[in-house]
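Okay, thanks everyone for coming. I'll walk through this one piece by piece, so keep the picture up and follow along.

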Amino acid sequence: MRFSVDISRLIRRVRRRGSVNTSVAFGAAALVVVFAGLAWIFPPPENQNVSGQEDPLPSQLRSESAKLHPVVIRKPTGPPRVLTGQTDAHGNPITVSCSTCHSTRKPNSKTKSTKDLNEFHGSMVFAHGNLSCLSCHNPDDYDTLKLADNTRIEYRDVMTLCAQCHGQQKREFDHGAHGGMTGFWDRSRGPKFKNNCIDCHNPHTPKFPKMQPDFKPKDRFLDKVDH
Amino acid sequence: MTDTNDRDKKKISLPILQQPSTRRTALKIAGVTLGLAAFGKAISPLMVIPENVSLSEFLQQHYKELSEDDKKEIFARLESEAKENYGANVSISDPKPIPGVKFGYAINLSKCNGNGKCMEACNQENNHHRGVDQSYIRVLEMTKGSMDMEQGNTTYDHTVPQDDKYYMPVQCQQCDNPPCVTVCPVEATWKEDDGIVVVDYNWCIGCRYCEAACPYHARRFNWEQPEIPADEVNPNQGYLSNRIRPQGTMEKCHYCLHRTREGRAPACLEACPTGARVFGDLNDPDSDINWVLKNKRVFVLKEELGTRPSFFYFFD
């Protein structure tokens, strides 16, 4: 085995030299045959690195490092703001917080679509089942949200609101099967970071948007194939 | 008496020497000479060290036979080569499998929308050849209702997802019974304790048997010396993973072992905008991957081949 493996390394050196001619290829092929013969006659010992049964149980290992790093879920920052449709001197859009207007206006619980509104919200598309604005927005305080039982809830806790209907998704999220992650899979070594619902899903149009792929490996075997 | 003497003489006569100079003998001599000459010519390049290979690289042993001192020396050499050839300051490490950990990976085909960010992340993380935008991942656009991967299209170029399609990323399945390892004539590829099938790029002879043996088309060959701009070289490199590979060697997905063996998630998972990918320790009953295996209807690709992948697919 030792001898045959050395031969193979020699072949490799030759190949990387860049000037492989027919006789070399023939010689190399002959040596490969010789090697294969040797390997057949003297089978190599069992691969030592294949998973052995003598590994300690993972639970035993884990109990030693009981202190786990947290799962850090990003929280939305502050109450959201709405576009006024105007821009400032630098060309940046001007936004106002919802309570600027809604603290004085009487809410209309019948409004189901932004099309029903004359001011603001005009560019906002709403496609979230049969919900109405006040299914989630709190008419008593527009800087907060409300649950189905009218409990007031802060914007930063929006996931609790979403989970009222999307329990399946929340359950999968809690088990790492929804929403992706960055950071550490092994929380004994570092924290895991996750997005919250509205980082990926616009709450007004929650369907995940279409995307345009912009990266394609150029597979060599596709050169002659016309798809 | 005379008969016995003749027989004895015949017994000790050699096949060519001491033979009558007939046409047959001449042909034998010619044949032997030609054969020896051809053999000599064939092995002559093996007798010299190629110019572009240093003596230490030429004498380098198989990864499993390297001592810690050998590794230090080799990593220093590779780091200086990266500096010289790519103008990049890299550091090469050799993280070992975490004891008791067996990696598993799963993809939710209901979520994957074929945007290809995983392929791009792989390309950048693993110092792939920019000339061909190499990646260890191939995303197949499949017709709903079909599992025929031969009909899968990798060159789609339209907004995704299309309504009648689903998208299936395929990369190394880190099989427990890997055909690519079995066929390697020089044992340049093997399965590690955490389930990752690795390649010693300096031991690989580039015969591409493993590429042919893999039923998932997961292995890649370096047809050219990889071209990577200096500022795009990922300096965090593993000897068995994402260091810049020499031309003429095989390579494959290694679950980003330079990241995952330090507890971090693979690059393709972090890049996925749909959250379709789940990674973790199969030996940990509370891991994300085990929750998926217990609660979802999971399947593996080409189960009938008996490769026993550590890579799973599921639909919601």
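One bit of vocabulary before anything else: when I say helix or strand, I mean a DSSP run, H or I over at least four residues for a helix and E over at least two for a strand, numbered from the N terminus. And please keep in mind that this is a predicted model.

Let's begin with chain A. It has eight helices and seven strands. Of its 227 residues, 14% come out as buried. If you take the contacts between residues at least 6 apart in sequence, 46% of them join residues at least 24 apart.

How confident is the predictor about chain A? The mean pLDDT is 77, and 68% of the residues reach 70 or more. Residues 1-5 of chain A sit below 50, and that stretch has six contacts in the model beyond near neighbours in sequence. Residues 16-20 of chain A also stay under 50, with nine contacts beyond four places in sequence.

Chain A has an open sheet I'd like to show you. Three strands line up as β1-β7-β6, with mixed pairing. The edges are β1 (71-73) and β6 (182-183) of chain A; each has a single partner strand, so one side of each is left without a neighbour in the sheet. Looking at β6(A) and β7(A), residues 192-194, you'll see they pair antiparallel over two bridges. If you want a place to put your cursor, A:T182 stands opposite A:F193 in β7(A).

Now over to chain B. It's divided into domain 1, residues 15-48, and domain 2, residues 103-315. How far apart are the C-alpha centres of those two domains of chain B? The answer is 51 Å.

Chain B has an open sheet as well. Here four strands run in the order β10-β2-β12-β11, again with mixed pairing. β10 and β11 of chain B take the edges, and since each has a single partner strand, one side of each is left without a neighbour in the sheet. On average, neighbouring strands in this sheet are turned by 30 degrees against each other, ignoring direction. At one end, β11(B) pairs antiparallel with β12(B) over three bridges. In that pairing, B:R297 stands opposite B:F315 in β12(B).

So what lies across those strands? That's helix α10 of chain B: it lies across β2, β10, β11 and β12 of chain B, and runs at about 110 degrees to β10(B). Within α10(B), residues 288-295, the buried ones are B:D288, B:I289, B:W291 and B:V292. Look down the axis of α10(B) and those buried residues fall within an arc of 160 degrees, so they line one face of the helix. What covers them includes β2 (103-108), β10 (277-281), β11 (297-299) and β12 (311-315) of chain B.

Right after that helix, in the loop between α10 and β11 of chain B, you'll find B:K296. Buried or partly exposed, then, for B:K296? It has 19 C-beta neighbours inside 10 Å, and buried takes 20 or more, so B:K296 counts as partly exposed. B:K296 and B:V139 are 157 residues apart along the chain, and their C-alpha atoms are separated by 22 Å.

Last part: backbone oddities. Most residues other than glycine have a negative phi, and most peptide bonds are trans. Chain B has some exceptions to show you.

There's a cis peptide bond between B:V160 and B:P161, with omega about -5 degrees. B:P161 is in the loop between β3 (138-143) and β4 (165-170) of chain B.

Next come two positive phi values. B:R208 has phi near 70 degrees, and it isn't a glycine. It's in the loop between β6 (197-199) and α7 (209-213) of chain B. With 14 C-beta neighbours inside 10 Å, B:R208 counts as partly exposed.

Then there's B:Y255, also not a glycine, with a positive phi of about 50 degrees. You'll find B:Y255 in the loop between β9 (250-251) and α8 (257-260) of chain B. Which side of the burial cut-off does B:Y255 fall on? It has 29 C-beta neighbours inside 10 Å, so B:Y255 counts as buried.

That's my tour. Happy to go back to any of those spots on the screen.

Key. Residues are numbered from 1 along each chain as its sequence is written. Chains are lettered from A and ligands numbered from 1 in the order in which they are written. This is a predicted model: local features need pLDDT of at least 70, side-chain atom pairs count only at pLDDT 80 or more; totals for chains, interfaces and linings use all residues. Domain bounds come from an automatic or database domain assignment. A residue is buried if 20 or more other C-beta atoms lie within 10 Å of its own, exposed if 12 or fewer, and partly exposed in between; C-beta atoms are placed from the backbone. The arc is that of the directions from the helix axis to the C-beta atoms. Two residues are in contact if their C-beta atoms, placed from the backbone, lie within 7 Å. Two strands pair if DSSP finds at least two bridges between them. pLDDT is the predictor's confidence in each residue, from 0 to 100. Axes are lines fitted to C-alpha atoms, for helices over the stretch in contact, and angles run from 0 to 180 degrees between N-to-C directions.
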